[in-house]
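Subject: Handover of a structure, with findings

Dear colleague,

Please find below the structure that I am passing to you. My notes on it follow directly after.

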Amino acid sequence: MLLQFNPINGAHMKVVPLIPVTDDQKKIHLNKSQVKFLPGTNEVTDAEWSILQTHLAQEIADGVIVLLDKKVAVAPGRPGGMKSLQNLAELPTRLAIEYVEQCINPDTLLKWYGEEFRDEVRTRISRKMEILKVDFPSELPPYIEPPDLEADLSLKTNKELNDIAVALGINTKSFGKKSQWIEAIEAARGIAKEDSESEPGQIDDFPV
């Protein structure tokens, strides 16, 4: 579940214990005893959220904790209702990148690092982890196959290249040749890499 933490009264962090209250909650398997919220985007598991809602009722009512519930058509262009996208991996690339840029929570970034397959989103997650000096895991969970970040762009279709370019903020309206997309993407990736190497690693505004 994607959540936005909007702190008030100068608070920079909120730690919420995962204490089951109801009999149903006591049956839930949890991997941690508490959840830490930092300003911006945070993600928790469905199991954690089912318990957190009990303890965050006032914060939710006051807009301090906001559920980022993105609704999209089940079948675009066809009737059939809407579905909710509540995890980063389900979101469109551009929106996923936006939420990554708003995140300073190491726990959330590590969760995304192990779950996200899309090259452009994963690159942004890695860059944010480097800026915040979050240690990269020595290996991914066994059920995750690492994405091929060096995949040959020439093997992608024009549509796939256009999606990557748009996610990088490139104006592709005048593009017609595959070489134009590839050159623009490689140039943008090079700039992103240089920026990540020059960004400071200390976040003084959000002490933990």
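Which residue in strand 3 is the bridge partner of V16? The partner is V35. The two strands concerned, strand 2 (residues 14-17) and strand 3, pair in the antiparallel sense over 4 bridges. In a regular strand the side chains alternate between the two faces of the sheet. Strand 3 shows this alternation: V35 and F37 are buried and point to one face, while Q34 and K36 point to the other and are not buried.

Please note that this is a predicted model. Its mean pLDDT is 78, and 74% of the residues reach 70 or more. Two stretches call for caution. Over residues 141-150 the pLDDT stays under 50, and the model has 13 contacts for them beyond four places in sequence. Residues 191-208 also have a pLDDT below 50, with 18 contacts in the model beyond near neighbours in sequence.

As to the overall architecture, the chain comprises 8 helices and 7 strands. Of its 208 residues, 36% are buried. Among contacts between residues at least 6 apart in sequence, 59% join residues at least 24 apart.

Two residue pairs illustrate such links between separate parts of the sequence. The first involves Q25, which lies in helix 1 (residues 23-26). Is Q25 buried or exposed? Because its relative accessibility is 7%, under the 20% cut-off, Q25 counts as buried. Leaving aside neighbours within four places in sequence, Q25 is in contact with I19, P20, S50, I51 and T54. One of these, I51, is 26 residues from Q25 in sequence, yet the C-alpha atoms of the two are 6.5 Å apart in space.

The other pair involves I97, a residue of helix 4 (residues 93-101). I97 has a relative accessible area of 5% and is therefore buried. Between I97 and V121 the separation is 24 residues in sequence and 5.6 Å in space, C-alpha to C-alpha.

K133 deserves a separate remark on backbone geometry. Its phi is near 60°, a positive value in a residue other than glycine. K133 is found in the loop between helix 6 (119-131) and helix 7 (158-167). With a relative accessible area of 64%, over the 50% cut-off, K133 is exposed.

Finally, I turn to the second largest pocket, which may interest you. Rolling a probe the size of a water molecule over the atoms shows where empty space is left. The second largest pocket holds about 400 Å³ of space. How many residues line the second largest pocket, and which lie nearest its centre? The lining has 23 residues, and K32, T45, E48, D107 and K111 are those nearest the centre. Strand 3 (34-37), strand 4 (40-43), helix 2 (46-55) and helix 5 (106-115) are the elements that give two or more residues to this lining. Helix 5 gives the most, with 6 residues. By residue class, the lining of the second largest pocket divides into 9 nonpolar, 7 polar and 7 charged residues.

Strand 3 thus appears twice in these notes: it pairs with strand 2, and it is among the elements that line the second largest pocket.

With kind regards

Note on methods. Residues are numbered from 1 along each chain as its sequence is written. This is a predicted model: local features need pLDDT of at least 70, side-chain atom pairs count only at pLDDT 80 or more; totals for chains, interfaces and linings use all residues. Side-chain values use heavy atoms; hydrogens and water are left out. pLDDT is the predictor's confidence in each residue, from 0 to 100. Contact means heavy atoms within 4.5 Å. On a 1 Å grid over the protein atoms alone, a cavity is a set of points where a 1.4 Å probe fits but cannot get out, and a pocket is an open set with protein on both sides within 12 Å along at least five of seven lines; lining residues have an atom within 4 Å of a point. Grid points are joined across faces, edges and corners, and a volume is the space filled by probe spheres set on the points. Ala, Val, Leu, Ile, Met, Phe, Trp, Tyr, Cys and Pro count as nonpolar, Asp, Glu, Lys and Arg as charged, and the others, Gly among them, as polar. Buried means under 20% relative accessible area, exposed over 50%, partly exposed in between (1.4 Å probe, protein chains only). Two strands pair if DSSP finds at least two bridges between them.
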